[in-house]
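Reader: I've just opened this one and I'm new to it. Could you walk me through it with a few questions and answers?

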Amino acid sequence: MASLGDSNTVYSSVKDYYGKVLESSKDLKTSACTAGSAPHPIIRQIIGKVPRAVNDKFYGCGNPIPLGIEGKDVLDLGSGSGRDCYVAAALVGREGSVTGVDMTDEQLKTARENVDEFGKTLGYAPKLRFVTGYIEMLDAAGIAPASVDVCISNCVINLSPNKRLVLEGVHRALRAGGELYFSDVYADRQLPESVRTHDVLLGECIGGALYTGEFEQMAVDIGFARPRVLSVDHIAINDRELQQLVGDAKFFSITYRLFKPQKPSADGGVFTAKYLGTIEGHTDKYELDVDHVFETGTPVRVDPGTAAILSSSWLARYFAVDVAQTTGDLGSAAKTTATESLLDRAYQVAAASCGTSDSVSSGCCAPKESSGCCAPKKSSGCCPPKASTGCCPPKQSTGCCSPKQSAGCCPPKQSSGCCKAKSSDSGSQVKGNLTMLGEDRSSKNNCC
């Protein structure tokens, strides 16, 4: 067992888990280290160009790569196989740079040996490097103070035995106006020692999850502006033994934005901010956080803290911020939604998608009564159907509701909650263990 108070033991546990235990993301026991919501189409397009060896060893819980970073200097904490660094390298272009910091030799090897291949895809040699080091000691890893515009991290800070040191180091490394834009795993409560010291839960990004309230206060104490939440997704724990260990605790993947503004927030005044629509991929609107979505060309009243960020951070070139002469029809500045409310909302969304809140943590959605079978939330949490339905049972080894092809069954339509359907003459195209449903729905009644 590894104690968070024993840094060397935690480092050894994490290195072993990511360097030796996990061969690919298919080996994970929870959904914590797999990205939740789909990335922006521009990001997806770049991911498709990243070498396969790099993508196969990607263990992230979000999409913490902002658009609009051309020419910026980017730092990735715990870069792993380097996937996010490769994507960022394409976004910053020839003039920008990307540095990945990681402590795991196996991951660093994968990241480094594919840079030349990616350069050929881009058509130029990117300023992309990977250094060995600990994210708690960025100075020792060669990251100079005030040398970074945007720092990203994907499901890594929770693995650190000293998260305060990480945030303090990032704050030093950022230039004034810089930002820590990252996704990580958080809990809705303080975790017991039995969870925080469990090797698998640590490696799966669950054991080291901070309580959201504790993290947000820590960030402010260090000197960041008020943390801003961009997205929240509930995390499913698919392994029964791990479910019992965590008990009632709920876990979430949250994308936070921590800014280091050049100037402090003004105490008074009425401010307006207008998004110029000049970030590629965000021409119609820009989402700063869950409470602030700016439509292009429309002035919006903002609070002094938001005005300070939009006028003095790396985002300043994309916004026009002014002191309003009159409130007119501007209305009130957006109020901040409490993080606890955002967590509850994300959990309810996950429960609704499964049909019952009792099955959210298990990763297996409850069956619809009419279907008689269990529709899994995750591919690893598949349940066999009732025998009376005439469906083929899934192959448990793959974790996919895919029947034996000889039995004449097919996998479910994701929206139906049904485990198997007879393929019949539905126009299905069978590919290995998956079935692509055709346009002909004439035999939809054959679905169990």
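Reader: Leaving aside neighbours within four places in sequence, which residues is Ser81 in contact with?
Author: This is a predicted model, so take everything here as computed. Ser81 sits in the loop between strand E1 (73-77) and H4. Setting aside its neighbours within four places in sequence, the residues in contact with Ser81 are Val54, Lys57, Phe58, Tyr86, Gln107, Thr110 and Ala111.

Reader: Is Ser81 buried or exposed?
Author: Buried means under 20% relative accessible area. Ser81 comes in at 2% relative accessibility, so Ser81 counts as buried.

Reader: Which backbone oxygen does the side chain of Ser81 reach at 2.8 Å?
Author: Two backbone oxygens come up for this side chain. The side chain of Ser81 reaches the one of Lys57 at 3.4 Å. At 2.8 Å, the backbone oxygen is that of Val54.

Reader: What about Ser153: what does its side chain reach at 3.1 Å?
Author: Ser153 is found in strand E4 (residues 148-154), and it is buried, with a relative accessible area of 0%. Not counting residues up to four places away in sequence, Ser153 touches Pro64, Asp76, Leu77, Tyr181, Phe182 and Ser183. What the side chain of Ser153 reaches at 3.1 Å is the backbone oxygen of Leu77.

Reader: And what separates the C-alpha atoms of Ser153 and Ser183?
Author: Ser183 is among the residues that Ser153 touches. Along the chain the two are 30 residues apart, yet the separation of their C-alpha atoms is 6.3 Å.

Reader: Which residues have the most contacts inside the largest nonpolar core?
Author: That core has 44 residues, and H4 gives the most to it, with seven. Leu91, for one, touches Ile42, Ile43, Ile46, Ile65, Pro66, Leu67, Ile69 and Glu70, not counting residues up to four places away in sequence. The residues with the most contacts inside the core are Leu91 and Leu315.

Reader: How many residues are in the other core that lies apart from it?
Author: Leu342 and Leu343 are among its members, along with Ala141 and Leu210. Those two leucines are also among the buried residues of H13. The size of this other core is 36 residues.

Reader: Since you mention H13, how far does it reach from its first C-alpha to its last?
Author: Helix H13 (residues 339-354) has 16 residues. What covers its buried residues includes helix H10 (212-222), strand E7 (228-234) and strand E8 (251-260). At 1.5 Å a residue you'd expect 22 Å, and the reach from first C-alpha to last is close to that, at 23 Å.

Reader: Why are the buried residues of H6 on the same side?
Author: In helix H6 (residues 115-122), the buried residues are Val115, Phe118 and Gly119. They end up on the same side of H6 because of the arc they cover around the axis, which is only 105°.

Reader: Which residues are exposed on the other side of H6?
Author: The buried residues of H6 pack against helix H2 (41-47), helix H4 (83-92), helix H5 (105-112) and strand E3 (128-132). Over on the other side of H6, the exposed residues are Asp116 and Lys120.

Reader: Stepping back, what percentage of the protein's residues count as buried?
Author: The protein has 13 helices and 17 strands. Its exposed area is about 19,900 Å², with carbon and sulfur atoms supplying 48% of it. Of the 448 residues, the share that counts as buried is 52%.

Technical notes
Residues numbered from 1 in each chain as written. Predicted model: local features only at pLDDT ≥ 70, side-chain atom pairs only at ≥ 80, totals over all residues. Heavy atoms only, no water. Helix = DSSP H or I, 4+ residues; strand = E, 2+ residues; numbered from the N terminus. Expected span 1.5 Å × (residues − 1). Buried < 20%, exposed > 50% of the residue type's maximum accessible area, 1.4 Å probe, protein only. Contact = heavy atoms within 4.5 Å. Arc of directions from axis to C-beta. Areas by Shrake-Rupley, 256 points an atom, 1.4 Å probe, with all protein chains shown as cover. Core = buried A, V, L, I, M, F, W, Y, C linked by side-chain atoms within 4.5 Å. Polar contact = N/O pair within 3.5 Å; in protein donor to acceptor, adjacent residues only side chain to side chain.
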